[in-house]
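Start with the ligand and work outward. The walk goes from its contacts to the pocket that holds it, and ends at a peptide bond.

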Amino acid sequence: MTTGKHRKLIAGMKISVDGKMEGPEGSADWVQAWSDDYGMMQQVDACLLGAGMYPGYERYWTAIQNEPDKPVWITGAPPTPEELEYARFVAQTPHYVLSSTLTSALWPRTSFVRGLEEIAALKQQPGKDIYLVGGARTTASLIDAGLVDELRLIVYPLIAGEGKALFETTERRRGLELRKVQQLQGGRVSLIYGLG
Ligand SMILES: NC(=O)c1ccc[n+]([C@@H]2O[C@H](COP(=O)([O-])OP(=O)(O)OC[C@H]3O[C@@H](n4cnc5c(N)ncnc54)[C@H](OP(=O)(O)O)[C@@H]3O)[C@@H](O)[C@H]2O)c1
């Protein structure tokens, strides 16, 4: 893969103890806020997402940018101060969407990448690190391809049962290097793993 110094690709995901990133209705109703609880904003200057989640993500953060006092559709609550901060961050940060089908986006700073080689090339460009926002299939396939340098998980104190597992489509076994463990409010645990 890549050699020498490159921008790290850092995945951040919120999961249940049984590894689900969303329930059967297609959202994680146990997540109270879609804030950056991973410390990404200080470290990255670009975001990468899969085509599956991009349209909903764009809608969610656009709604918060336009009407910051209104309840938002996933959490059903008004945005938290941390969500407002993330809404400002996304407005000024380039977003790359991995897709063979999508061709247009609402945000002027969004562009499309058509394959894994383009992601490898992005990592070689000068800049800060890159935040891999999701979704599950994209994260699993980029880990399989050896493109993800760090995995930051926030584990919620819940066995979700039915739902979509983060690693459902993972094909390869991979050892992880535990870098940091931290207990967060509400019984959540932050885990940071290096992928070497
Ligand atoms: N719990 C969390 O922290 C969290 C975070 C983020 C997202 N999510 C959830 O994740 C869900 C979306 O995940 P998802 O797995 O359905 O979709 P996804 O990973 O966002 O997108 C998958 C799509 O990406 C495109 N793609 C192109 N090349 C690919 C490759 N090599 N590997 C994988 N995908 C490739 C394909 O679209 P084309 O057909 O256009 O090529 C594919 O259908 C959302 O429902 C969201 O709620 C949860």
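A residue counts as near a molecule if one of its heavy atoms lies within 4 Å of it. The model is predicted. By that cut-off, 23 residues surround the ligand. The closest are Glu22, Ser99, Ser100, Thr101 and Thr138.

Take Thr101 in more detail. One of its polar side-chain atoms lies 2.5 Å from an oxygen atom of the ligand. Backbone atoms take part as well. A polar backbone atom of Met53 is 2.9 Å from a ligand oxygen. For Leu98, a polar backbone atom is 3.5 Å from an oxygen atom of the ligand. On its own, the ligand has 940 Å² of accessible area, and the protein covers 78% of this.

Which elements build the shell around the ligand? At least two residues each come from β1 (9-16), β2 (20-22), β6 (129-134) and α4 (136-144). Helix α4 provides the largest share, four residues. By character, the shell holds nine nonpolar, ten polar and four charged residues.

Now step back to the space itself. Rolling a probe the size of a water molecule over the atoms shows where empty space is left. The ligand sits in the largest pocket. This pocket has a volume of about 950 Å³. It is lined by 34 residues, and those closest to its centre are Met21, Glu22, Met53, Gly134 and Gly135. Two of these names have come up already: Glu22 is among the closest residues to the ligand, and Met53 offers a backbone atom to a ligand oxygen.

The lining draws on β1, β2, α1 (54-66), β6 and α4, each with at least two residues. Here α1 gives the most, five residues. In the shell around the ligand, by contrast, the largest share comes from α4. The lining divides into 17 nonpolar, eleven polar and six charged residues.

Finish at the two glycines by the pocket centre. What is the geometry of the peptide bond from Gly134 to Gly135? It is cis, with omega near -10°. Gly135 is found in the loop between β6 and α4. Both of those elements supply at least two residues to the ligand shell and at least two to the pocket lining.

Key. Residues are numbered from 1 along each chain as its sequence is written. This is a predicted model: local features need pLDDT of at least 70, side-chain atom pairs count only at pLDDT 80 or more; totals for chains, interfaces and linings use all residues. Side-chain values use heavy atoms; hydrogens and water are left out. A polar contact is a pair of N or O atoms within 3.5 Å; within protein, one must be able to donate a hydrogen and the other to accept it, and residues adjacent in sequence count only if both atoms are side-chain atoms. Accessible areas come from the Shrake-Rupley method with a 1.4 Å probe; for residues, only the protein chains shown count as cover. On a 1 Å grid over the protein atoms alone, a cavity is a set of points where a 1.4 Å probe fits but cannot get out, and a pocket is an open set with protein on both sides within 12 Å along at least five of seven lines; lining residues have an atom within 4 Å of a point. A molecule sits in a cavity or pocket if more than half of its atoms lie within 2 Å of its grid points. Ala, Val, Leu, Ile, Met, Phe, Trp, Tyr, Cys and Pro count as nonpolar, Asp, Glu, Lys and Arg as charged, and the others, Gly among them, as polar. Grid points are joined across faces, edges and corners, and a volume is the space filled by probe spheres set on the points.
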